[in-house]
Amino acid sequence: MVIDQKIMFGITDWKSVAAERHEGATGFALWRVQHFGNVRVRMVEYSVNYLADHWCKKGHIIFCVEGEMITELEDGREFRLSAGLSYQVGDGAEAHRTRSEKGVKLFIVD
């Protein structure tokens, strides 16, 4: 990811950004999205019993704000992310998907 050098300083009040609902294989996700040049920034909440409906190959930097989730890699490895932890993966690297039993809130940059 290359961050656009023309992004000006700004503050985002995430409560004022309209939520978009995205259905998972089970459960749903609520995305609050802002675009800054070529960078997409999201505050995402996954519901209880959420499971992504696809394997993702897009790169992300993900910070867990609250709750807990498991990221599965297509090769079978699993990683637990809880509040205060983050992970990063590049475009086209390991395919991954998310699941959360109790729900989770994430800050995502991609």
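This passage walks through the fold, the nonpolar cores and a few individual residues of a predicted model.

Starting with the overall picture, the chain is all about strands: the secondary structure comes to 9 strands and 0 helices. Read along the sequence, that gives the pattern β-β-β-β-β-β-β-β-β. The C-alpha atoms fill a box of roughly 40 × 30 × 25 Å along the principal axes. As for the radius of gyration, the chain comes in at 14 Å, which agrees with the value near 13 Å that a compact globule of 110 residues would have. Of those 110 residues, 35% count as buried. The accessible surface adds up to about 6,900 Å², and carbon and sulfur atoms own 54% of that area. Contacts across the sequence are well represented too: if one takes the contacts with a separation of 6 or more, 58% come from residues 24 or more positions apart.

Next come the nonpolar cores. The largest has 16 residues, and Tyr 46 and Leu 106 are the ones with the most contacts inside it. Strands β2 (28-36), β3 (39-46), β5, β7 (86-89) and β9 (104-109) each give two or more residues to this core. Apart from it lies another core, this one of 6 residues, with Trp 14, Val 17, Val 41 and Val 109 among them. Back in the largest core, Tyr 46 touches Leu 106 itself, along with Phe 28, Ala 29, Thr 98, Gly 103 and Val 104, leaving aside residues up to four places away in sequence.

Strand β5 spans residues 60-73, and Glu 72 is found in it. Despite the acidic side chain, is Glu 72 buried or exposed? Glu 72 counts as buried because its relative accessibility is 10%, and the cut-off for that label is under 20%. The side chain of Glu 72 also has a partner, since a polar contact of 2.9 Å joins it to the side chain of Arg 99. Beyond residues up to four places away in sequence, the neighbours that Glu 72 touches are a mixed crowd: Leu 51, Trp 55, Arg 77, Glu 78, Ala 95, His 96, Arg 97 and, again, Arg 99.

Gly 67 also has its place in strand β5. With a relative accessible area of 36%, Gly 67 is partly exposed, as that value falls between the 20% and 50% limits. Gly 67 and Leu 81 are 14 residues apart in sequence, yet their C-alpha atoms are 8.5 Å apart in space. Leu 81 is one of the residues that Gly 67 touches, and the others are Ser 82, Ala 83, Gly 103 and Val 104, again not counting residues up to four places away in sequence. Two of these names have come up already, as Gly 103 and Val 104 are also touched by Tyr 46.

That leaves the cysteines. The structure holds 0 disulfides. Cys 56 is in no disulfide, and the nearest cysteine sulfur, that of Cys 64, is 17 Å away. Why is there no bond for the sulfur of Cys 64? The closest cysteine sulfur, in Cys 56, is 17 Å away and therefore too far for a bond, given that a disulfide needs sulfur atoms within 2.5 Å. As for accessibility, Cys 56 is buried, with a relative accessible area of 15%. Cys 64 counts as buried too, at 0% relative accessibility.

Methods
Residues are numbered from 1 along each chain as its sequence is written. This is a predicted model: local features need pLDDT of at least 70, side-chain atom pairs count only at pLDDT 80 or more; totals for chains, interfaces and linings use all residues. Side-chain values use heavy atoms; hydrogens and water are left out. Helices (H or I, at least four residues) and strands (E, at least two) are DSSP runs, numbered from the N terminus. Buried means under 20% relative accessible area, exposed over 50%, partly exposed in between (1.4 Å probe, protein chains only). A polar contact is a pair of N or O atoms within 3.5 Å; within protein, one must be able to donate a hydrogen and the other to accept it, and residues adjacent in sequence count only if both atoms are side-chain atoms. Contact means heavy atoms within 4.5 Å. A nonpolar core is a set of buried Ala, Val, Leu, Ile, Met, Phe, Trp, Tyr and Cys residues joined through side-chain atoms within 4.5 Å. The radius of gyration is taken over C-alpha atoms; the globule rule is 2.2 Å times the number of residues to the power 0.38. Accessible areas come from the Shrake-Rupley method with a 1.4 Å probe; for residues, only the protein chains shown count as cover.
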